[in-house]
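Here are my notes on the pockets and the ligand, as promised. Have the model open while you read.

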Amino acid sequence: MITVLSGGVGAARLLAALVSVTDPAQIDAVVNVGDDFVLHGLTICPDLDTITYTLAGLANEETGWGRRGETWRTMTAVGELGGATWFALGDQDLATHLVRTQRLGEGATKSEVTREIAARLGVPITLRPVTDDPLATLVDTEIGTLDFQDYFVRRAHDVAVTAVRFRGADASRPAPGVLAALNDATRIIIAPSNPFLSIEPILAVPGVREAVSARREDVVAVSPLVGNHALKGPAARLLDELGYAVSAEGVADVYRSIAGTLVIDESDASMATAIRDQGMNVRVTTSVMANPVHARALARTVLA
Ligand code: FO1
């Protein structure tokens, strides 16, 4: 079993590459739910949906979220009625939120609904929300505490962060199968997702950090930074704001206690010695999944 701690688009791309180089039935994605929220009365799960759509071949590759070939008639009508349009929900994407919200209302768990939708869309791996309990990422900033999507989308993460917290984490429990997926894995991969906004909320669920760090020798983390820049989103900025070096070395500091190996891009090869001296193995490769060939090469590297 290969277990992948997963956030959004970077994780989705690596999972798609892993599916093409190994048996999908062996892959479990343990997915961040800290971005999940309710809008228009609908429960929206961005990271689960990005991975689901990507592995179903339905993803909008340009935006990194939502479905390809979307229409926006409902959102347009919502705007005409003065409703919230800051979070763009396509007509087909809305179907996912409608079905999920209805099933949750019938008493299904987030894990069950995720599995039902993934089965319907032909997703070949096992998707596991890290918890079925309420867990919401909060961001303390210079203008106060913000809900995740308010920070990330509404304000385009363009506000300085002093802390990232996870409301409900202490009372949350790992979803069914999550601890087994960590304990039974032959390899645990930390996807190239945002360490603070995607990976930390997974580790914040009691028992998860401990399960991962117990497997440190089999844990391989992929740096989300290439040449001191994040490929997408505020990871570089958050490293700086939260007191880390804005580099693969800073990422190594975040992950050292739980991952025995860090995969970095060739452009950061000069940092390999320093990172090794700090007690992590380092693999240097083309870590930017710019095309299927590079993505498969990265997948093979994290499995090696
Ligand atoms: N991100 C945006 O920057 N703007 C949007 O309008 C937006 C809509 C959206 C709809 C559904 C969905 O699942 C995700 C969506 N996202 C949007 C992405 C999302 O806010 C973040 O990218 C993830 O939460 C971060 O992993």
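**Notes on pockets and ligand**

1. Let's begin with the runner-up. The second largest pocket has a volume of about 240 Å³. Keep in mind throughout that this is a predicted model.

2. Who lines that second pocket? The residues are Arg13, Ala16, Ala17, Ser20, Thr54, Glu61, Met289, Ala290, Asn291, Pro292, Ala295 and Arg296. Two elements, α1 and α13 (292-303), give two or more residues each to the lining of the second largest pocket. α1 has the largest share there, with four residues. Sorted by class, the lining of the second largest pocket has six nonpolar, three polar and three charged residues.

3. Now the main site. The largest pocket holds about 920 Å³ of space. It has 46 lining residues, and Gly8, Val9, Gly64, Phe152 and Lys232 are the closest to its centre.

4. Several helices feed into that lining. At least two residues of the lining of the largest pocket come from each of α1 (9-21), α2 (46-55), α4 (91-105), α6 (148-154) and α8 (195-203). The largest share is from α2, which supplies five residues. As for chemistry, the lining of the largest pocket splits into 23 nonpolar, 15 polar and eight charged residues.

5. Which space does the ligand take? The ligand takes up the largest pocket. There are 13 residues around the ligand, and those that come nearest are Asp35, Asp47, Ala88, Gln149 and Val153.

6. On to the shell by element and class. α2 and α6 each contribute at least two residues to the shell around the ligand. α6 gives the most to this shell, with four residues, whereas α2 has the largest share of the lining of the largest pocket. By class, the shell around the ligand has nine nonpolar, one polar and three charged residues.

7. If you want to check a pose, here are some polar contacts to look at. A polar side-chain atom of Gln149 is 2.7 Å from an oxygen atom of the ligand. Ala88 uses its backbone: an N or O atom there lies 3.0 Å from an oxygen atom of the ligand. With Trp65, an N or O atom of the side chain sits 3.4 Å from a nitrogen atom of the ligand. As for burial, the ligand exposes 530 Å² when taken alone, and the protein buries 85% of that.

Note on methods: Residues are numbered from 1 along each chain as its sequence is written. This is a predicted model: local features need pLDDT of at least 70, side-chain atom pairs count only at pLDDT 80 or more; totals for chains, interfaces and linings use all residues. Side-chain values use heavy atoms; hydrogens and water are left out. On a 1 Å grid over the protein atoms alone, a cavity is a set of points where a 1.4 Å probe fits but cannot get out, and a pocket is an open set with protein on both sides within 12 Å along at least five of seven lines; lining residues have an atom within 4 Å of a point. Grid points are joined across faces, edges and corners, and a volume is the space filled by probe spheres set on the points. Ala, Val, Leu, Ile, Met, Phe, Trp, Tyr, Cys and Pro count as nonpolar, Asp, Glu, Lys and Arg as charged, and the others, Gly among them, as polar. A residue is near a molecule or strand if one of its heavy atoms lies within 4 Å of it. A polar contact is a pair of N or O atoms within 3.5 Å; within protein, one must be able to donate a hydrogen and the other to accept it, and residues adjacent in sequence count only if both atoms are side-chain atoms. Accessible areas come from the Shrake-Rupley method with a 1.4 Å probe; for residues, only the protein chains shown count as cover. A molecule sits in a cavity or pocket if more than half of its atoms lie within 2 Å of its grid points.
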